[in-house]
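Dear colleague,

I am writing to hand over a structure for your studies. Please open it below and keep it in view while you read the remarks that come after it.

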Amino acid sequence: MRECDNLIDSLVYYIRGTVANYQTDDKSTENCACILHNLSYQIESELPQHYTRDFRESRQNLAPDPKALGCFASRSAKITEHLERQRPLLEEKANPHGIEWLWSPITIRMYLSLVACSVRHYTQEAAVGALQNITAGNQEMTEAIAFTIVQRENGLQHIKKVLEEGESDVKRTAISLIRNLSRYQELHPAIVNQVLPEVVAMLPNDDTDLPSEVTTSLCQILINLSQSDMKNVKAIVNQGGLRRIINISNADNGYGSSRAAQAACVLLQVIWKHTDLHGALKRSGFKKSDFINARTTRVVNSR
């Protein structure tokens, strides 16, 4: 279907028209969004190699000249590297065609517009799901898509709205999207500032209130954030998430620890590695054994 002439072009054209006319709640828009959601599944692994090669070459052509350094060569090189890591954004292409629409910045903006404007449950879920699909890989293009969503398009403001007001299925898909975005340390400040309270609020009181895969994704987001900066750990604790994480880590599904409980165990050990927080954690009533115990150690050693 991805190779069908003008199919993707037509789907995008229709949705962009309804977005422009403030008519995002019609059934046809929902159908088009759902088809695009399906077509974006595993797009990275199934993408023809020449697209990946062309993208890598365009990134190399746009990269700053490493010889163009200032008087302080070492410092200039670090600044250049930092800027490249901060903004590996997608190149704007005025006239995408066919499969190129699936990762175009134009389409990303279209999905975010659907999230912001449509009140239809399945339309929102399809739009967020498409963004989740195209950020699910590990190649350079996926990274550029993630940075484009957060840094260029300020997409987290729309995801925050979904977490606050969306249906449960849409929220779950949004959590999967945030999990993908949280793999990039440079995006952590935006994630913490814009959606961390909603992420922590979704943590269940134990491992039974949510599907295990959702709780696992929530814990994985917090693991990624906690590994990169002690300030992020402080923010998680200040949001009141620690007791819930401990409860999840102690859950038993009858066959041993679930994936969610295992993820919570890893998260607790990651948090305890920040030794500067030990005093504050103890003053808040937590003990070392809440973080380092037979269960958490067994899980970490088994990975």
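The paragraphs below set out what was found, from the whole chain down to single residues.

Please note at the outset that this is a predicted model. The protein chain holds 18 helices and zero strands. Of its 303 residues, 50% are buried. Among contacts with a separation of 6 or more, 71% join residues that are 24 or more positions apart. The accessible surface of the chain is about 15300 Å², and carbon and sulfur atoms contribute 48% of that area.

Two helices deserve your attention, beginning with α8 (140-152). Its 13 residues should span 18 Å at 1.5 Å a residue, and the end C-alpha atoms lie 17 Å apart, so the expected and actual spans agree. Helix α8 is mostly covered, with ten of its 13 residues buried. Among these buried residues are Met141, Glu143, Ile145, Phe147 and Ile149.

Helix α11 presents another picture. This helix comprises residues 188-202, 15 residues in total, yet its end C-alpha atoms are only 18 Å apart, whereas a straight helix would reach 21 Å at 1.5 Å a residue. Where in α11 does a kink lie? A kink of about 70° is found at Val195, shortly before the proline Pro197. Val195 is itself one of the buried residues of α11, which also include His188, Ile191, Leu196, Glu198 and Met202. The buried residues of this helix pack against α8, α9, α10 (168-181), α12 (212-228), α13 (230-238) and α14 (242-249).

Finally, two residues stand out for their backbone angles. As background, most residues other than glycine have a negative phi. Tyr22 is not a glycine, but its phi is positive, at about 55°. Tyr22 sits in the loop between α1 (7-20) and α2 (27-39). Is Tyr22 buried or exposed? The relative accessible area of Tyr22 is 75%, and the cut-off for exposed is over 50%, so Tyr22 counts as exposed.

The other such residue is Asn154, which follows α8 and has a positive phi near 50°. Asn154 belongs to the loop between α8 and α9 (156-165). With a relative accessibility of 32%, Asn154 counts as partly exposed, because this value falls between the 20% limit for buried and the 50% limit for exposed.

I suggest that you locate Val195 in α11, then Tyr22 and Asn154 in their loops, as you read through the model.

With kind regards

How values were computed: Residues are numbered from 1 along each chain as its sequence is written. This is a predicted model: local features need pLDDT of at least 70, side-chain atom pairs count only at pLDDT 80 or more; totals for chains, interfaces and linings use all residues. Side-chain values use heavy atoms; hydrogens and water are left out. Helices (H or I, at least four residues) and strands (E, at least two) are DSSP runs, numbered from the N terminus. Buried means under 20% relative accessible area, exposed over 50%, partly exposed in between (1.4 Å probe, protein chains only). The expected span of a helix is 1.5 Å times one less than its number of residues. The bend at a residue is the angle between axes fitted to the seven residues ending there and the seven starting there. Contact means heavy atoms within 4.5 Å. Accessible areas come from the Shrake-Rupley method with a 1.4 Å probe; for residues, only the protein chains shown count as cover.
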